[in-house]
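Reader: I'm a computational chemist, and I'd love a close look at a single part of this model. Could you walk me slowly through the sheet and the loops around it?

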Amino acid sequence: MDGRGRIAESLIDGLVRAGRHASELWGEWQRAMRRWSKPLVELEPPRGVGTAATALFFLGTAVYGAACGGHVPTLLQELRNFRDATANAFGFRIEAITITGQYQLTEAEILAAAGVTPRSSLLFLDAAAARAELLAKAWIADATVLKLYPGRLHIAVTEREPFALWQRDGKVAVIDADGIVLETVVPMQFASLPLVVGRGADRKAKDFLAILDKFPALRAQVYASVLVAERRWNLKLKNGIDVRLPENGVESALQTLAMLDRDKKLLSRDIVAVDLRLADRVTVKLSEGAALAREEAMRERLKDLGKKPRRPGGHA
């Protein structure tokens, strides 16, 4: 045998030995895997695992379908109802509700704002979230929500007080002293509140009306207080007279007006406007009829003066 034959024989023997070694390793690996997996194969799953897995599968399917169909809010509400029903069955039903501090709002409105329904359970009621929902309502300035186990709920509210009617862009709303809109439709019981008109009048009404209150005789004659250019106020009286007030020195101007009305019955005369914007003078605008009558009276007076006989010496 030449050298080439010996080399080929050696290569063949090496390949055979490598194959046998690989076969032995593969067999050992299979035996190890059987030993390791035997406990898992022989492990018996707990009872109910199949049922739970099936339920989870259908629940996941339902959630996915609800998400695709836009029914998530409905699904969540149903889940909340189921949760509350379970808690109620275990003795956490809300058996008694006390509500204090309400005057304008009804108990039903407060419960609806707090998210409390006949199905709600005390266990799962979120007191902080209920309080936040109550504070989001314009009428409520403060609120307290207390859960008293096992079945009592206490809600205390502090309502804002209606202060004035605010008119802007032809719409009238009920506001409190801070300018917060309480009602966009005016109920009859608030019709007698003072009326303020104009942009910014909701925020500035409190300070101005506090000054006007110092002159009750004038306040009784006012139909509306009109904020002009968010800088100064005009008064529209019930008899139609316009009173123009200055930007500064409002109280002094109102004092002058009250004195003129008390001493000279100014606001009972046939006039259409009183201008108090200048500190050193009061300008009064007569009505058209009063102006014509005044002109006629002046002509008559001048006519009478022309008819008087002259005294000796050429003096009238």
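Author: Happy to; what follows goes through the sheet strand by strand, with a stop at a pocket and a few backbone details.

Please keep in mind that this is a predicted model. Let's begin with the whole sheet. Nine strands make it up, and the sheet is open, with the order β6-β5-β4-β7-β8-β9-β10-β11-β12 and mixed pairing. At its edges are β6, covering 181–183, and β12, covering 283–286, each of which pairs on one side only. From one strand to the next, the twist averages 30 degrees.

Now let's zoom in on the stretch from β8 to β12. Strand β8 holds residues 222–228 and strand β9 holds residues 232–237; the two run antiparallel and are joined by six bridges. If you want a residue pair to orient yourself by, look for S225, which stands opposite L235 in β9. These two strands form a hairpin with three residues between them. In that turn you will find A229, in the loop between β8 and β9. A229 is not a glycine, yet its phi is positive, at about 55 degrees. Is A229 buried or exposed? Its relative accessibility is 55%, and exposed means over 50%, so A229 counts as exposed.

Just ahead of β8 sits Q221, in the loop between α7 (216–219) and β8. Q221 has a relative accessible area of 22%. Buried would require under 20%, so Q221 is partly exposed. There is also a spatial relation to note here: Q221 and K236 are 15 residues apart in sequence, while their C-alpha atoms are 8.7 Å apart in space.

β8 also takes us to the second largest pocket, which holds about 170 Å³ of space. Thirteen residues would be a lot to list, so here are the ones to select: of the 13 that line this pocket, L193, P194, L195, V222 and Y223 lie nearest its centre. Two elements, α6 (201–212) and β8, give two or more residues to the lining of the second largest pocket. Which of the elements supplies the largest share of that lining? That is β8, with four residues. As for chemistry, the lining of the second largest pocket is made of 10 nonpolar residues, two polar ones and one charged one.

Back to the sheet, and on to β9. This strand is mostly covered, with five of its six residues buried. On the side of β10, β9 pairs in the antiparallel sense over three bridges. L235 serves as a landmark once more, as it stands opposite V243 in β10. So L235 can be traced to both neighbours: S225 is opposite it in the pairing of β8 with β9, and V243 is opposite it in β10. The hairpin of β9 and β10 has four residues between the strands, and there G240 takes a positive phi near 95 degrees.

Next comes a change in direction. Strand β10, residues 242–244, pairs with β11 in the parallel sense over three bridges. The bridge partner of D242 is A273 in β11. Between these two strands the chain passes through a helix: β10, helix α8 (residues 250–264) and β11 make a β-α-β unit, and this unit is left-handed. That handedness is worth a look when you turn the model on your screen.

In the loop between α8 and β11 lies K265. K265, too, has a positive phi of about 55 degrees although it is not a glycine. Its relative accessible area is 51%, and the cut-off for exposed is over 50%, so K265 is exposed.

Strand β11 itself, residues 271–275, is mostly covered: four of its five residues are buried. On the way to the edge, β11 and β12 pair in the antiparallel sense over four bridges. Here D275 has T283 in β12 as its bridge partner. With β12 we arrive at one of the edge strands, which pairs on one side only.

One last backbone detail lies away from this stretch, in the loop between β2 (140–148) and β3 (152–159), where P150 is found. The peptide bond from Y149 to P150 is cis, with omega near 10 degrees.

Conventions:
Residues are numbered from 1 along each chain as its sequence is written. This is a predicted model: local features need pLDDT of at least 70, side-chain atom pairs count only at pLDDT 80 or more; totals for chains, interfaces and linings use all residues. Side-chain values use heavy atoms; hydrogens and water are left out. Two strands pair if DSSP finds at least two bridges between them. Axes are lines fitted to C-alpha atoms, for helices over the stretch in contact, and angles run from 0 to 180 degrees between N-to-C directions. On a 1 Å grid over the protein atoms alone, a cavity is a set of points where a 1.4 Å probe fits but cannot get out, and a pocket is an open set with protein on both sides within 12 Å along at least five of seven lines; lining residues have an atom within 4 Å of a point. Grid points are joined across faces, edges and corners, and a volume is the space filled by probe spheres set on the points. Ala, Val, Leu, Ile, Met, Phe, Trp, Tyr, Cys and Pro count as nonpolar, Asp, Glu, Lys and Arg as charged, and the others, Gly among them, as polar. Buried means under 20% relative accessible area, exposed over 50%, partly exposed in between (1.4 Å probe, protein chains only). A crossover is right-handed if, with the strands pointing away from the viewer, the path from the first strand over the helix to the second runs clockwise.
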